[in-house]
Amino acid sequence: MFGRLFGRGGERPAADPYALPTPRRKGGVYRLQALGDARVLALVQAAEAGDWEAVKEAALPFDLGREHQVLAEVAEVAGVQEWIGRAVEEDKEHRALALLISGSRHVVWGWEARTSARAVDVSQEQWRVFHERLHIAEEQLLEAAELRPEWISPWRRLLTSGRGMSLGPAVTEARLDAALRRDPLDLGVHMEWLSQLQPRWGGEPGQALAFAREAFAGAPDGHRLGCVLPMAHIEEWVESDRMDHLENPRVREELRLAADRSIFHPAYERRLGWQEDFNIFAMALSLAGEKPAGRRVYRELDGAFTPWPWKYISQPEAMYARFRRRL
């Protein structure tokens, strides 16, 4: 079904009845809202209104236990933590869904307290609030995983909370195994593990890139897991503080081949949120100065900007627009 709705490979997607109208563009660029989908927007608006009944109804087209990007849209809504606790306690039939949303929101809310500052610049009060919120998230996500053992989303979020709470390799590796047993090719889980392997979280230099290469090598042609490779190079660029890391000819070739085997491959399906996959490649190819492949990615995006992964750059939307013009 999704192949018919969103198209495959480099082809333009077929008309989508749920597609949101493209907003007015500034310099040809616009920030993608609610994954560009009217149903996701209805879900977000229900969460903003604190209407649990409307949230449940709007969530029906989706499987939040597997669709990380849709769940993320809800988890990012400010104020969800103010009312979701009542749903957890009162709605026994949908307790697992309420726990999943609440736990995911508390992970995001925890990081909002910590901020993206370096650890040495985070105050004691920020650390206290951070861990308090992550502790709630841990309890709720573990219960959600117990109630719905087929879900992968709780385990992906538990990787994030476990990293923040420094729970150590035994716990985090067990969580990774639990997630990959449910879907060995899940991109969201692989992205979380990329972060876990970064030196800033205790990993060794080059470890994340090796993991990404191995994962991509085992993925079928046209699979979105190909995004793990450009993301690993972006992370390497961030960690190394070497502005020229991505300009290495071998890296540029690796990025071109990854794009050809994933987002440009005829078997690639433009599922809901596909624009983020293309934005990952757009950033990596732009930093690498890889113009032909980069131009193709921007052409397919047609100005659609997603905050991830551009948050690693100051003035992310402006940089997206600048790279788009230069390529």
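Me: Leaving aside its neighbours within four places in sequence, which residues is Glu-290 in contact with?
Reply: In this predicted model, Glu-290 is in contact with Arg-252, Arg-256 and Leu-285, once the neighbours within four places in sequence are set aside. One of these partners also makes a polar contact, in which the side chains of Glu-290 and Arg-256 are joined at 2.9 Å.

Me: Where does Glu-290 lie, and is Glu-290 buried or exposed?
Reply: Glu-290 belongs to the loop between α14 (274-288) and α15 (291-301). A residue counts as buried when its relative accessible area is under 20%. The value for Glu-290 is 5%, so Glu-290 is buried.

Me: How should one read the buried residues of a helix, and which are they in α3?
Reply: One asks on which side of the helix they fall. In α3 (residues 52-59), the buried residues are Trp-52, Val-55, Lys-56, Ala-58 and Ala-59. Viewed down the axis of α3, they fall within an arc of 170 degrees and therefore line one face of the helix. On the other side of α3, Glu-53 and Glu-57 are exposed.

Me: What do the buried residues of α3 pack against?
Reply: Their packing partners are α2 (38-49), α5 (80-90) and α6 (95-114). At the start of α3, a side-chain oxygen of Asp-51 comes to within 3.3 Å of the backbone nitrogen of Glu-53.

Me: How many aromatic pairs does the count come to?
Reply: The count comes to eleven aromatic pairs. One of them is formed by Trp-310 and Phe-323; this pair is tilted, with 6.1 Å from centre to centre and 40 degrees between the planes. Trp-310 lies in helix α16 (residues 307-310) and Phe-323 in helix α17 (residues 316-326), so the pair ties together parts that are 13 residues apart in sequence. Trp-310 is buried at 0% relative accessibility, and Phe-323 is buried as well, at 12%.

Me: Which residues form one aromatic cluster with Trp-310 and Phe-323?
Reply: Tyr-298, Phe-305 and Tyr-320 join Trp-310 and Phe-323 in one aromatic cluster. Trp-310 also has contacts beyond these rings, including Asn-279, Ala-282, Met-283 and Ser-286. In the largest nonpolar core, which has 100 residues, Trp-310 is among those that touch the most other members, together with Trp-52, Leu-64, Ile-101, Leu-194 and Val-297. The largest share of this core, ten residues, is supplied by α14.

Me: Which ring has the charged end of Arg-39 over it?
Reply: The charged end of Arg-39 sits over the ring of Tyr-18, 4.0 Å from its centre. In another such arrangement, Arg-296 lies over the face of Phe-264, at 3.9 Å from the ring centre.

Me: How should one read backbone angles, and what is the phi of Leu-35?
Reply: Most residues other than glycine have a negative phi, and most peptide bonds are trans. Leu-35 is not a glycine, yet its phi is positive, at about 60 degrees. Leu-35 is placed in the loop between β1 (30-31) and α2 and is buried, with a relative accessible area of 10%. Gln-315 likewise has a positive phi, of about 50 degrees, although it is not a glycine. Gln-315 is found in the loop between α16 and α17 and counts as exposed, at 57% relative accessibility.

Me: Which residues does a cis peptide bond join?
Reply: A cis peptide bond joins Trp-308 and Pro-309, with omega at about 5 degrees. Pro-309 lies in helix α16.

Conventions. Residues numbered from 1 in each chain as written. Predicted model: local features only at pLDDT ≥ 70, side-chain atom pairs only at ≥ 80, totals over all residues. Heavy atoms only, no water. Buried < 20%, exposed > 50% of the residue type's maximum accessible area, 1.4 Å probe, protein only. Helix = DSSP H or I, 4+ residues; strand = E, 2+ residues; numbered from the N terminus. Arc of directions from axis to C-beta. Contact = heavy atoms within 4.5 Å. Polar contact = N/O pair within 3.5 Å; in protein donor to acceptor, adjacent residues only side chain to side chain. Phe/Tyr/Trp six-rings, centres within 6.5 Å; stacked < 30°, edge-to-face > 60°. Lys NZ or Arg CZ within 6 Å of the ring centre and 35° of its normal. Core = buried A, V, L, I, M, F, W, Y, C linked by side-chain atoms within 4.5 Å.
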